Amino acid sequence: LGVSEANVHFLGFPDSELKTMPAARREEIIEQLRALLLTHRAPEVLVSHGEDGHGDHEAGYLFVIEAIRRSGLKVRLQQYAIWRPWLHPLYRWSCLRELSSASLLSIEPVLREKHAAIEAYASQLATLPPGFIRRFRRPYEVYFASGEASAVGQESPAKVLAALAGLLGWCFSGFGEAAAPL
């Protein structure tokens, strides 16, 4: 959303196999990511949460961590959770531990495009709980910083309280609804 096609790179590896693929294929991914990091030298990298509960998401996180290490670059790593809030009700309490590293990013300028992208996956929408989908229709994204203080703590007290309210809502969204199957 909002990224030019020239800056989107698909690595072409099979879905649902990243966690179990042979070491040589994992090395290929890490080296491709390292090359992209060195080419673009972005100060910030967004990656799926390292404890997201989905094999591809967790493997992707590990690949990115290793690619950053091998690149020698200093980047701010931001994790985003997709499945984690739906894994188990106890997650909601572990989410509270991460609030100090969490920040909200407004996506209002591209919200219409995001909603259209969500609607493009009609077959998946039919199988997911409504609370799960609602989390992705919000006008903000939640990121968890790795190894660096969150921008939330640098805001005015009113903005911090508003952000915390939003994050608590995110942690407890869908509370009482059945967890989505993986």
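These are my notebook entries on helix α2, the sheet beside it and the nonpolar cores of a predicted model.

**Entry 1: helix length.** I looked up α2, which covers residues 55-71. With 17 residues at 1.5 Å a residue, I expected a span of 24 Å, and the end C-alpha atoms are 24 Å apart, so the two agree. Next I checked what comes after α2 and found G72, with a positive phi near 75°.

**Entry 2: buried face.** Which residues of α2 are buried? I noted D56, H57, A59, G60, Y61, F63, V64, E66, A67, I68 and S71. I recalled that an α-helix has 3.6 residues a turn, so residues three or four places apart point the same way. The buried residues of α2 pack against the helix α1 (23-40) and the strands β1 (44-48), β2 (76-80) and β4 (140-146).

**Entry 3: the sheet.** I traced the strand order as β1-β2-β4-β3, in an open sheet of 4 strands with mixed pairing. Why do β1 and β3 each have one side without a neighbour in the sheet? Both stand at the edges with a single partner strand, so one side of each is left free of a neighbour there. From one strand to the next, the twist averages 35°.

**Entry 4: strand pairs.** I reminded myself that strands of a sheet pair through backbone hydrogen bonds, either parallel or antiparallel. I found β1 and β2 running parallel, joined by 5 bridges. In this pair, E44 has R76 of β2 as its bridge partner. β2 and β4 are antiparallel and share 3 bridges. Here I noted Q78, whose bridge partner in β4 is A145.

**Entry 5: helix on sheet.** I then put the helix and strands together. β1, α2 and β2 form a β-α-β unit, and its hand is right. α2 lies across β1, β2 and β4, at about 155° to β1.

**Entry 6: cores.** Which members of the largest nonpolar core touch the most other members? Of its 17 residues, they are L18, I29, V45, F63, V64, I68 and L77. The elements giving two or more residues to this core are α1, β1 and α2. α2 supplies the largest share, 6 residues. I followed F63 in particular: leaving out residues up to four places away in sequence, F63 touches L18, R26, I29, I30 and L33. Apart from the largest core I found another, of 6 residues, including I118, L128, F132 and F136.

Methods
Residues are numbered from 1 along each chain as its sequence is written. This is a predicted model: local features need pLDDT of at least 70, side-chain atom pairs count only at pLDDT 80 or more; totals for chains, interfaces and linings use all residues. Side-chain values use heavy atoms; hydrogens and water are left out. The expected span of a helix is 1.5 Å times one less than its number of residues. Buried means under 20% relative accessible area, exposed over 50%, partly exposed in between (1.4 Å probe, protein chains only). Contact means heavy atoms within 4.5 Å. Two strands pair if DSSP finds at least two bridges between them. A crossover is right-handed if, with the strands pointing away from the viewer, the path from the first strand over the helix to the second runs clockwise. Axes are lines fitted to C-alpha atoms, for helices over the stretch in contact, and angles run from 0 to 180 degrees between N-to-C directions. A nonpolar core is a set of buried Ala, Val, Leu, Ile, Met, Phe, Trp, Tyr and Cys residues joined through side-chain atoms within 4.5 Å.
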